[in-house]
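Student: Please take a close look at one part of this model. Then set that part against other loops and the chain as a whole.

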Amino acid sequence: MKVVLFCGGYGMRMRSGSSDDVPKPMAMVGPRPLIWHVMRYYAHFGHTEFILCLGYGAHHIKNFFLNYEETTSNDFVLRGGRTELLSTDISDWTITFAQTGIESPIGERLRRVRHHLDGDEMFLANYADVLTDAPLPQMIDTFARRDAGASMMVVPPQSSFHCVDLGEDGLVGGITAVSELPLWENGGYFVLRQEVFDHIPEGGDLVADGCAQLAKRARLVAHQHRGFWKPTDTVKERAALDDAYARGDRPWAVWERDEAEVTA
C-alpha cells in the first residue's frame with residue numbers, strides 16, 4: 001500500500017533558533033531524521049511506496065534523500081577504495097516528492113496528492129513525526145474487514161497533568177491523572193479509503209473535516225494502541241527519543257527487533 005506522509009509543517013516548537021528552517025520531520029533521532037524512522041517502520045511491513053507532502057523546508061528533505069548515505073546505518077566492506085554494502089535501507093523504496101504548499105492544512109495536502117493514489121482502494125497516512133511499535137498488519141487487516149471510510153490509531157492521553165473534580169462549594173471531590181481517564185487521543189497513524197476525499201473541502205483538514213464527517217456517518221473506526229507511542233512536538237520530546245536511541249532503548253525500531261530474532 002502507498003504511504004502518504006505529511007511533512008510540510010513549520011514545527012515551531014522544535015526550533016532551536018530563529019534561523020533554523022529545518023522542518024520537524026528532519027529533526028534527528030540518532031543518526032537519522034524522524035521521517036526516516038517513520039518510513040523504515042512502514043518499509044519493514046512491506047510498504048515501500050511513499051508520497052511526501054512537502055511544504056516548509058522541503059529542500060532539506062529532498063537533499064537528504066538525493067544525497068542519502070547508506071553507510072550511516074548499514075554494514076559495509078571497503079575494498080580497493082570502493083564501498084560494498086552488506087545491507088541497504090532504501091534501495092527498494094519509491095519516493096514521490098510533491099510540493100503541497102507552505103500554508104496548506106493537512107487535508108489540503110492530501111487533496112493535492114490524490115492523483116498519485118488513483119486506483120488504490122486503501123492507502124496509509126501519517127504525520128511523519130510520531131514513533132510507535134503498533135502492529136501495522138493487524139491495523140490494516142482489521143480495517144480491511146470493516147465497512148468504513150477511515151481508521152485512526154488512538155492512544156491513551158499522554159499528559160502528566162491531573163484533572164480536579166470541583167463541587168459547587170469549591171471543595172475538591174477528587175483528583176485523577178489525565179492518563180487514567182477513559183479518553184483516547186489521535187495517534188497520527190491512518191488507514192484510509194478514497195471515501196475520505198468526499199469529506200475534505202478545499203483548504204480543509206483531515207481530522208477536523210474528513211474524519212469528523214466520517215464519524216458522524218458511523219464510517220470511522222479506531223485502532224486502540226496501548227503500547228509504545230511517542231510524539232515529537234517539542235525539543236524536549238525529540239531529545240528524549242534521541243537519548244533513548246543512544247541507550248539502545250528504541251522499541252519503535254521494529255525492524256531491529258525482528259532482525260535480532262532471525263539471527264539469534
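**A loop residue and its setting**

Tutor: Ala128 is found in the loop that runs between β8 (122-126) and β9 (130-132). This is a predicted model, so read each value as computed from it. The backbone is what draws attention here. Ala128 is not a glycine, yet its phi is positive, at about 70°. Is Ala128 buried or exposed? Its relative accessible area is 0%. The cut-off for buried is under 20%, so Ala128 counts as buried.

Now take another alanine. Ala218 also has a positive phi, of about 55°, although it is not a glycine. Ala218 too sits in a loop, this one between α5 (206-216) and β14 (220-224). Its surroundings are another matter. The relative accessible area of Ala218 is 64%. Exposed means over 50%, so Ala218 falls in that class. To put the pair together: Ala128 is buried, whereas Ala218 is exposed. Both backbones carry a positive phi, about 70° at Ala128 and about 55° at Ala218.

A third loop holds a charged residue. Glu70 lies between α2 (58-66) and β5 (76-79). Glu70 is buried, but it has no salt bridge. Which side chain of opposite charge is nearest to Glu70? That is Arg32, at 5.2 Å. A salt bridge needs a distance within 4 Å, so the pair does not qualify. The side chain of Glu70 instead reaches a backbone atom: the nitrogen of Asp89, at 2.9 Å. Asp89 is also among the contacts of Glu70 outside its neighbours within four places in sequence. The others are Arg32, Leu85, Thr88, Ile90 and Ser91. Arg32 is thus in contact with Glu70, even though no salt bridge forms.

Step back to the whole chain. The protein has seven helices and 15 strands. Its radius of gyration is 20 Å, close to the 18 Å that the globule rule gives for 264 residues, so it is as compact as a globular protein of that length. The C-alpha trace spans about 80 × 45 × 45 Å along its principal axes.

Burial and contacts fill in the rest. Of the 264 residues, 45% are buried; Ala128 and Glu70 are buried residues. Take the contacts between residues at least 6 apart in sequence: 74% of them join residues at least 24 apart. The accessible surface is about 13,500 Å². Carbon and sulfur atoms account for 50% of that surface.

Definitions and conventions
Residues numbered from 1 in each chain as written. Heavy atoms only, no water. Helix = DSSP H or I, 4+ residues; strand = E, 2+ residues; numbered from the N terminus. Buried < 20%, exposed > 50% of the residue type's maximum accessible area, 1.4 Å probe, protein only. Lys, Arg positive; Asp, Glu negative; His and termini not counted. Polar contact = N/O pair within 3.5 Å; in protein donor to acceptor, adjacent residues only side chain to side chain. Contact = heavy atoms within 4.5 Å. Rg over C-alpha atoms; globule rule 2.2 N^0.38 Å. Areas by Shrake-Rupley, 256 points an atom, 1.4 Å probe, with all protein chains shown as cover.
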